[in-house]
Structures are given as structure tokens and as C-alpha cells.
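Q: I have a model open and would like to talk through how its chains meet. Can we take the interfaces one at a time?

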Amino acid sequence: MAGYVPFKGSYTPPAAGVDPEQNPAVLKLREAMPGAIEEVSAFRDQVSIRVFKEHLLEVCTLLRDTPGLEYDFLTDLTAVDYPSRAKRFDVVIHLYSMSQNHMLRVKAAVGDGETIDSVAGIWKAANWEERETFDMFGIVFAGHPDLRRILLAEDWEGYPLRKDYPLLGYGTYTS
Amino acid sequence: MGLIVNRFRPSVVTTTADFLFNWAHRYSMWPLILGTACCAIEMMAVGISRFDMLERFGMLYRFSPRQSDVMLVCGTVTKKFAPVMRTIWDQMSEPKWCIAVGNCASAGGPFPTYAVVQGIDEVVPVDIYVPGCPPNPEAIFYGILKLQEIVQTQTIARTGPKPEKKQALKR
Amino acid sequence: MAIEDQVDLVPDSNEGTKLTQAVVQTGVGPTTGLTPQTEDMMLNLGPSHPSTHGVLRVLLELDGEVIRKAIPDLGYLHRGVEKIGEYRQYNQFVPWTDRMDYVAAFTSNLAFVQAVEGLMGVEIPERALYLRVIFSELQRLASHLLWLGTHVMDLGAITVFLFSMREREAILDLLEMQTGARLTLNAQRVGGFPKDIPPGFLEKLKVFVDSMPGHLQEYDSLLAENPIFLRRVKGVGVISAEDAIQWGLTGPSLRGSGVAYDVRKAHPYAAYDRLDFEVPIGTHGDVYDRFLVRMEEMRQSLKLIQQAVDQLPGGPVMTGDMRVALPGKEALMTSIEAMQRHFILAIHGFKAPVGEYYSAVESPKGELGWYIVSNGENHPYRARCRAASFVNLQSLPVMSGGSMISDVIAIIGSIDIVLGEVDR
């Protein structure tokens, strides 16, 4: 490629481009349940709301039922493991509104051994997603209709997607 | 056929019988496709009209272990699925062979993880390994042809001491 | 001839005796007027089954032949791909995305690469965007052809399988021209295509696109007015629009129920906002509507490919963003910094900024999304795949309550799952 200009220095991402405080869901939550929000952030053009896990059910019901927000579609429910934190897991929920065409990310921190409310009563799509999160991380969802392992065998020990579980697992098949 | 296996020393009787039985085994091998993942799509492609390598050689896809001779394991075998595969292998009747199609079945493939059996030879005895990810349908069929060559070398003659009870076909 | 006379027949197994005895005792039939005693039976549609499109196990609670509950049992193909994602560089991870949705590998590659590009903030050149449309639509055609073949083969129409796979081979030839592989393509890098389309590709594509409507007409003539096919798919596996949205259904299965949600229209990516196409929608939400939606999608794909080829601009196919792209051969031979950059990118990969990003594409199965969390290293901290087939399969119990066993086969085929995605 002619005219190659070598890249020098570190890269700083451009500004978020969207102010998270102007997001309608954030405005509504700050007005209705100010104590539930722990932190609001944005990266690129996607807004994340971090809530306290005790308020998760109320927040989700509010997000689904408020006209103007109408987050009726659960895109994804998963978890991320930060073993160095006190509350090591982050349950991450991606929501989408079919009628308003906007997307939101809701996060809640859960510690190892603690339980978090299940949103399977609000969006039925969360049923298997929560089972998978339980299977991979060991997070217990209170109020889930049928919380058991889904991807691994029923008698599997350990939670593979935690950071302290080795990639190759423990032992081969025959051992 | 079980009456004459392993009864006679190598002689003209056994070589003629060998020729007949091996010819029958070789040209009418019915594969059981234990299709798990991507390699199963290539296994299906072996049978379609572009390659059409099955019917010409006397093969017919069967999905039941009771009706098939060779088990083609196509795709990744996980630790959850391995007991099922072993059960299916045990349900097949002698003579039976096994071909591991693809990298995952041969050696775990690109998945060095907690949930994958690193090669199905930990579970069933394998005759032919076909590498590739996924192998070309022609490569899969080359593996089947190699198996046919192995079948040709089998014998029903007795080459060791006289057995106490009837044994299965010796290789 | 009354049942009592038939008891003297010699049964061929113990079970036969018990059955006839039970029949005599309960007195089934209009002759005696007693109500039969029935028990629910648990049938195992096992992992190794010709019609489950992979290793899916479905436990069926049967009342006679009517299903009360169909409980899928997954995990027979769980390979731990998400954990591998935490140990591989961004460009190195693309081959594993192929093996997840192995029927439509290009859209899987594209979904992951798009998420990384969103995370990094990389701009893609125009030619790459249009080529992405062409390849995505080719892959959509290939996947729908395989779906058509296997779905109707499960219902008994084996001829259509051979025809559709013949068309699919033509598409795989085109993909092999570009990438070298038929099935697991590895066709995308972060930033675009690793190399441009070869000469002769567009001509061969034109031949294929011109021949395709005739073939689609063939399938229509075999299926659309076939009374056996219609009896088996009309009114089977109905799911309403509200249920579908609640259960997270996406893709042609959702559109068959009447909801016009298509990621290509809702969150346009890769030149779809510049192309003109329609999204087919069904009305009843049964297997037949999903079938019609997919057939129409194939026609729309042909239209999209035609438009993209007409509008295809020249230029590079890989981004000029030096954070992610390898420098070209000229720069490599003349500039020492380019050589260094090439070396570092090839060995160590690029570092992504701290953050997270979710991005989705419309794969032939539904909404395939990747959620990538990065903490500044050259590999993801968490790579999460929102697999369309996993979420679609959740609605199998909803669709199949009250149907018969043979309907379950039709329903599984119409949801169009691929187990690599379901189990990851």
C-alpha cells in the first residue's frame, strides 16, 4: 500500500458519542427508583446501567411495562467473572424493544454463593439462559422454575467458565 | 458362518471362503452415521448427486446400529455423548468397523477443552482415521476405500492354537 | 370378532401376552363400554437420530400418540467455545466461530468480526461492506437450501433433498473459490476480507443467480400444492406473536408469526441500508408459514445479491486502520515500521480498548450476536455468543404441546436449529 503512515503511540477511543444520562430508560429509572442505580456508563453508542441486585426485579418490570420504554424482548442474559472483585460475578442482561427499536444493557453484581432474582417470570426467554449461566458459573437464580444444568452432564462438578477452571478441565475422559 | 470361523488351518478351503466373505463384506458395507457436527454435513455430501459415492459401492446409509456394518463417527464427541456412542457401538453386531471422520473424532480437533473427548479411540476401537476439518467428501470416501482394503486382508483361518470356544472373526 | 376370541393367539413375546391380557381386562372398545386405562409414556427421541439435525435429545411425555410435554435435553455437542474465546487472540478466534453455526459459517464469522470492529471502532471500506452482503446472502441461500432438503426429507420428500443439495454444491464452489474451504470458511478478519474476490468469481456468481429462480420454481412445483406436504405442515406447531416475543424467538420463525423484526432492517450493518429488499412475514405462525417465509427469503437473497453486484465499488477490501490490518506487500518490503507492525500483529495481535460491545447480525437462523468484554489485552476477557438456535429451541415445548410425534419432527425442522450453535 503506497503512502503507508506508520501508527505511533497509544490509541484512545473516541468519545462515547451518546450521553448516557439522556437515555430515556436512565431518566425514567432515576425518577422512579433512584436508589436502584449504582452506575451508568456508555461505551461507543451502547448504554449500560448497573443496578443493585436486590432491585433487579423491580427495575426489569419497570423497563418492560413503562410505555415509551417497552423492553419486551430479552436478547441475552449472561455473566462475566471478575475473580479479583468482592462480588465476583456480573450478571449482564441485554434488552431490546420491538416497538421503540432501542437496546439497553443492565448489569448486576453478584457474589460467589449469593443468589440473584430470576427474571424468567418477566421474560420467558430467560429460562434457558439462566440455566446456562448457572451451569457455567454457578450463580443461583432464586425463583427460577427449573434450575438445573443444561449444557453439561447432570453430575458434572465445577463451573467451567469461571476464571479458575482450566481450559482442559480435570482429567481426560477415560481417567 | 460362525461355525467355520477359526476351525481350519490356512488351506485352499479357507482362502476360497475368505475370498467370498471378504467380497461380500467389502462391497456391501452399510454405514451408520453418528453425525454430530460439521463433518456430518460433509458426510451427507458424500451421498448426494454431485459426488454420489455411496450407492455405486453398495453402501446405504442406515441410522440404526442393528442394521449397519461400519460406524462413521463424524464430528466432535463430547464427554456427555461418549456413553451414548459406546452404547451404539456395542449394539452393532460383528463384524463391525469404525472410521473416525475428521479431526475432532480422531484427536479432539480444534477443541482442547474440558468437555471434549480428545479422540474417540479412548472409547471405541478405531480402524481408520480420516483427517480434515472437515475433510472433503472425496477424502472421506478415500478412507472408506482404505477400509475396504483392510477388509480384504481378513481371514477366517485359524492361525493360532485351537480355541476352546467359538471366537469372533479374527483380523 | 370380539377381543376374547383373539386371546388364544400365540404371542411372540411376553409383552404381547401382557398387552392382550390388559386389553381383555380393561375391555377397550364399544363392545364392553368400559373406559380404557392409560398411562403416560416417556419416549426418548435420542441424541443419535436421523431427524434431529444433530445430537439433540428430546424427551417426549406421550399420552397415546399425543404429546403432553416435549423437553429438549441439550449439551451433547457442548465444546466450550466460549472458554476458548478467552484464550485466543481476536483474529485467531474466527475459525471457532465457523464451527458453531457450521451450515452458515460466513454469518457466524461476520457476527464475531463485527462485534470486535465495534469494540475497536474500526471503519470498513465500501467494497468490503458490499462483498459482505454478497457472501452473507449466498450463505443464507446455502443454509436455507440445506434446511429445505433436510426438513422435507424428514417429512418424506427425499427428492427435494437431492435437488437442493445440488444447488448448495454450486454455492459451496463459489465459497471455495474465495476462501479455499467449503464449509468452515474463516472468511473474515477484523477489518474486512483478507483477500479480494478472485477473477471469474462474479461471472460464476451471475451464472448461479440466473439459474436459481428456475430451481426455486422446481421446489415450489414439488411442494407448494402437494397435499401430503400441506396436510403435514398446515396448522402444526403454531406459536402466537406475543409468545414468540416472550420466548425470544428470532429469525424466520419469528417472522412466520407475523412480527417484522429483522436485524438487517432494525440495526442495519454492512451496506444493507443502501439496498432495497423486503422482509417476508407470515400470518399463522405454523410450520407452513415458516416454510413460506424461508422460501421467500431465498428469493429476496437473490435480489440482494443482484443489487450488491451491480453497486459493487472498487477499492480495498481490508480497512486501512493500522491497528488491526496487516500492511500490504508493498509497504512490507519498503518500510521497516510496516515490517514491525506486521510482525507484531501476526504474532501478538492487536490490543482492544477496555470496554464491552454487543453486535448482532441476521444469520439464516435468527439473531446471532456476540457480546465481547475486553480489559485491554489482545484476547477477549469474555466472548459471549447469543446463539439464535439456542434461544429458538426454547420455544419447542410451546409449539409442540398437543401435537403428535411426527409433528415434532416437522416442528424441529421448521425451527431450523444447528446444534453447534445451540451447544456451543
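The exchange below goes through two interfaces and then turns to model confidence.

Q: Before we start, what kind of model is this?
A: This is a predicted model, and the values discussed here are computed from it.

Q: Okay, chain A and chain C: how many residues from each are in the contact?
A: The contact draws 55 residues from chain A and 56 residues from chain C.

Q: And what area is buried there?
A: Between chain A and chain C about 4,600 Å² is buried, with carbon and sulfur atoms giving 60% of that area.

Q: How many salt bridges cross that interface?
A: The rule finds 7 salt bridges between chain A and chain C. Among pairs joined in this way are Arg384(C) and Glu132(A), whose closest N and O atoms lie 3.2 Å apart. As for polar contacts, the count between the two chains is 26 residue pairs, with both residues at pLDDT 80 or more.

Q: Which elements of chain A give two or more residues to that side?
A: They are β2 (46–51), β3 (73–81), β4 (89–96), β5 (103–110) and α3 (126–137) of chain A, and the largest share, 9 residues, comes from β3(A). By class, the side of chain A that touches chain C has 34 nonpolar, 7 polar and 14 charged residues.

Q: Switching to chain B and chain C, how many residues are in contact?
A: Here 31 residues of chain B are in contact with 33 residues of chain C. The two chains bury about 2,700 Å² between them, 68% of it on carbon and sulfur atoms, and Ile41(B), Lys80(B) and Phe111(B) supply 20% of the area that chain B buries against chain C, more than any other three residues.

Q: Which side chains meet in a salt bridge there?
A: The rule finds 4 salt bridges across the interface of chain B and chain C, including one in which the side chains of Arg182(C) and Glu42(B) meet at 3.0 Å, N to O. On the chain B side, β1 (31–35), α2 (38–47) and α3 (82–91) each supply at least two residues, and α2(B) gives the most, with 5 residues. By class, the side of chain B that touches chain C has 21 nonpolar, 7 polar and 3 charged residues.

Q: Last topic, what pLDDT does chain A average?
A: Chain A averages a pLDDT of 81, and 87% of its residues score at least 70.

Q: Where does pLDDT stay under 50 in chain A?
A: That is residues 1–15 of chain A, for which the model nevertheless has 21 contacts beyond four places in sequence.

Note on methods:
Residues numbered from 1 in each chain as written. Chains lettered and ligands numbered in written order. Heavy atoms only, no water. Contact = heavy atoms within 4.5 Å. Buried area = accessible area lost by both parts, 1.4 Å probe. Helix = DSSP H or I, 4+ residues; strand = E, 2+ residues; numbered from the N terminus. Nonpolar A, V, L, I, M, F, W, Y, C, P; charged D, E, K, R; others polar. pLDDT = per-residue confidence, 0-100. Polar contact = N/O pair within 3.5 Å; in protein donor to acceptor, adjacent residues only side chain to side chain.
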